[in-house]
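Me: Please take a close look at one loop in this model, and then follow the comparison outwards to other local features and to the chain as a whole. I would like a connected account rather than a list.

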Amino acid sequence: MLDYETLKFVWWILVGALLIGFAVTDGMDMGVGNLLPFIGRTDDERRVIINTVGPHWDGNQVWLITAGGAIFAAWPAVYAAAFSGFYMAMLLVLFALFFRPVGFDYRSKIADPRWRRAWDWGLFAGGAVPSLIFGVAFGNLLQGVPFHLDEFLRSHYQGSLLWALLPLLNPFALLAGVISFAMLTMHGGVWLQLRTNAPIAQRVKMAITIMGLVAAAGFALAGLWITYGIDGFRVVSQPALDALPNPLAKTVVVEAGAWLAIYDQVPVAILAPVAGFAGIFTTILLSRMDRPGWAFLTSGIGMTGIVGTAGLSMFPFIMPSSIDPKSSLTVWDAPSSHLTLAVMFWAVVIFLPIVLGYTVWCYSRMWGKVTEQEIQARSHSAY
């Protein structure tokens, strides 16, 4: 059995990998939904667009469910605090996601253009709202969430449940939401270029360029904002890293530049933001050169770099507290027991390669243009 300290760190990597997997797979489906009402100018074009993700969108959403389950099992304190602080945001995401299964299944049941147009906008909401809110959540984590732990380690959120969403929509968080929306839309656009013919494939190239530039500009602005306008968190003292979790046993200070300390301590971490920028600009270039297969790969690299930059900058913090810094939850004091992490680790070792292999196999079978046979036989919207 791996030692407790190692398992704590390994699960930080695994949860990050699940979130990145969700961004690359289901984020692609959301990006396609974001583009649906604008790139598809006729009902036939919108039907083709839907069919590029219709056969596999529900499988991709498993990454989100798995990530949520992993957080619940590996970091129960984070799960509890997050549902207190982000409860209304999570409900908004959940309600928006309802549009996707219903929209895919029922859009083409009725030929009325008003019916189909309404579901097209429903599918847009099912992609746009989650892609924006997930970025907003990351933006708030970087600023700290207003919660504290009492002497029994129970989480208490400061604020009204009814109006809990409004404080989350602050300027920096909205910028993070724009970055998330833009990079997922770019990624979905690359998938459309890969899977469709002209005129959709040609039309979507402009959207890829615009969204890529917005994501890159927002990423750069967020970096400057964190450097000069947002204080980070730093652990001054804490128990041994392999000790039993007790968030209140550490000392935390809030100071300028703390979120950038990782890049001085571990210089190789700079590869994450470099990958973010390089992936975006390479994706734009490859898209313009009509190389969507390679662009899809570089888009995934860019998204991995952006998500990885946020995770590395915050390390070891998972959920900082803006009102009581010592209540902040970190990689070292938020996990489950040693036995729980160990059992889940070996489950991941066994099953994750199977899931990844199946995912690669599924995508390899869909690597090409949408055919009429696929529209009629494989898409939910074709019924």
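Reply: In this predicted model, Pro 199 is placed in the loop between α10 (171-195) and α11 (200-228). The peptide bond that joins Ala 198 to Pro 199 is cis, with omega of about 10 degrees. A cis bond is also found between Phe 315 and Pro 316, where omega is about 5 degrees, and Pro 316 likewise belongs to a loop, in this case the one between α14 (292-314) and β5.

Following the chain from Pro 316 through β5 leads to the loop between β5 (317-319) and β6 (329-330), and this loop holds Ser 327. With a relative accessible area of 0%, Ser 327 counts as buried, because the cut-off for that class is under 20%. Leaving out residues up to four places away in sequence, Ser 327 touches Phe 147, His 148, Leu 149, Leu 248, Lys 250 and Ser 321. For Leu 149 there is a more specific detail, since the backbone nitrogen of Leu 149 lies 3.1 Å from a polar atom of the Ser 327 side chain.

Leu 149 also gives a way into another loop, the one between β1 (147-149) and β2 (155-157), where Leu 153 is found. The phi angle of Leu 153 is near 65 degrees, a positive value in a residue that is not a glycine. Leu 153 is classed as partly exposed because its relative accessible area of 39% falls between the limits of 20% and 50%. Arg 154 is placed in the loop between β1 and β2 as well, and at 47% relative accessibility Arg 154 too counts as partly exposed. Once residues up to four places away in sequence are set aside, Arg 154 touches His 148 and Leu 149, and these two residues are also among the contacts of Ser 327. The side chain of Arg 154 makes a polar contact of 2.7 Å with the side chain of Asp 150. Arg 154 can also be placed relative to a residue far along the sequence: Ala 77 is 77 residues away from Arg 154, yet their C-alpha atoms are 8.5 Å apart.

A positive phi angle appears in one further loop, where Asp 290, although not a glycine, has a value of about 60 degrees. Asp 290 is in the loop between α13 (271-288) and α14, and its relative accessible area of 37% makes it partly exposed.

The helices offer a contrast to these partly exposed loop positions. Gly 135 lies in α8, which covers residues 113-143, and is buried, with a relative accessible area of 4%. Neighbours within four places in sequence aside, Gly 135 is in contact with Ala 173, Ala 176, Gly 177 and Ser 180. Phe 181 is 46 residues from Gly 135 along the chain, and the C-alpha atoms of the two are separated by 7.5 Å. Asp 29, in helix α1 (residues 4-39), is a charged residue that nevertheless counts as buried, because its relative accessibility is 4% and the cut-off is under 20%. The contacts of Asp 29, again without residues up to four places away, are Val 53, His 56, Trp 57, Asn 60 and Arg 100. Between Asp 29 and Asn 60 there are 31 positions in sequence and 8.1 Å in space, taken from C-alpha to C-alpha.

These local pictures can be set against the whole chain, which has 16 helices and six strands. The radius of gyration is 21 Å, close to the 21 Å given by the globule rule for 383 residues, and the chain is therefore as compact as a globular protein of that length. Along its principal axes, the C-alpha trace spans about 60 × 45 × 35 Å. Buried residues make up 50% of the 383 residues. Among contacts with a separation of 6 or more, 81% are between residues 24 or more positions apart, and the contact between Asp 29 and Asn 60 is one case of such a long separation, at 31 residues. The chain exposes about 17,100 Å², of which carbon and sulfur atoms supply 71%. Finally, the mean positions of the 22 positive and 22 negative charges are 11 Å apart.

Conventions:
Residues numbered from 1 in each chain as written. Predicted model: local features only at pLDDT ≥ 70, side-chain atom pairs only at ≥ 80, totals over all residues. Heavy atoms only, no water. Helix = DSSP H or I, 4+ residues; strand = E, 2+ residues; numbered from the N terminus. Rg over C-alpha atoms; globule rule 2.2 N^0.38 Å. Buried < 20%, exposed > 50% of the residue type's maximum accessible area, 1.4 Å probe, protein only. Contact = heavy atoms within 4.5 Å. Areas by Shrake-Rupley, 256 points an atom, 1.4 Å probe, with all protein chains shown as cover. Lys, Arg positive; Asp, Glu negative; His and termini not counted. Charge placed at Lys NZ, Arg CZ, Asp CG, Glu CD. Polar contact = N/O pair within 3.5 Å; in protein donor to acceptor, adjacent residues only side chain to side chain.
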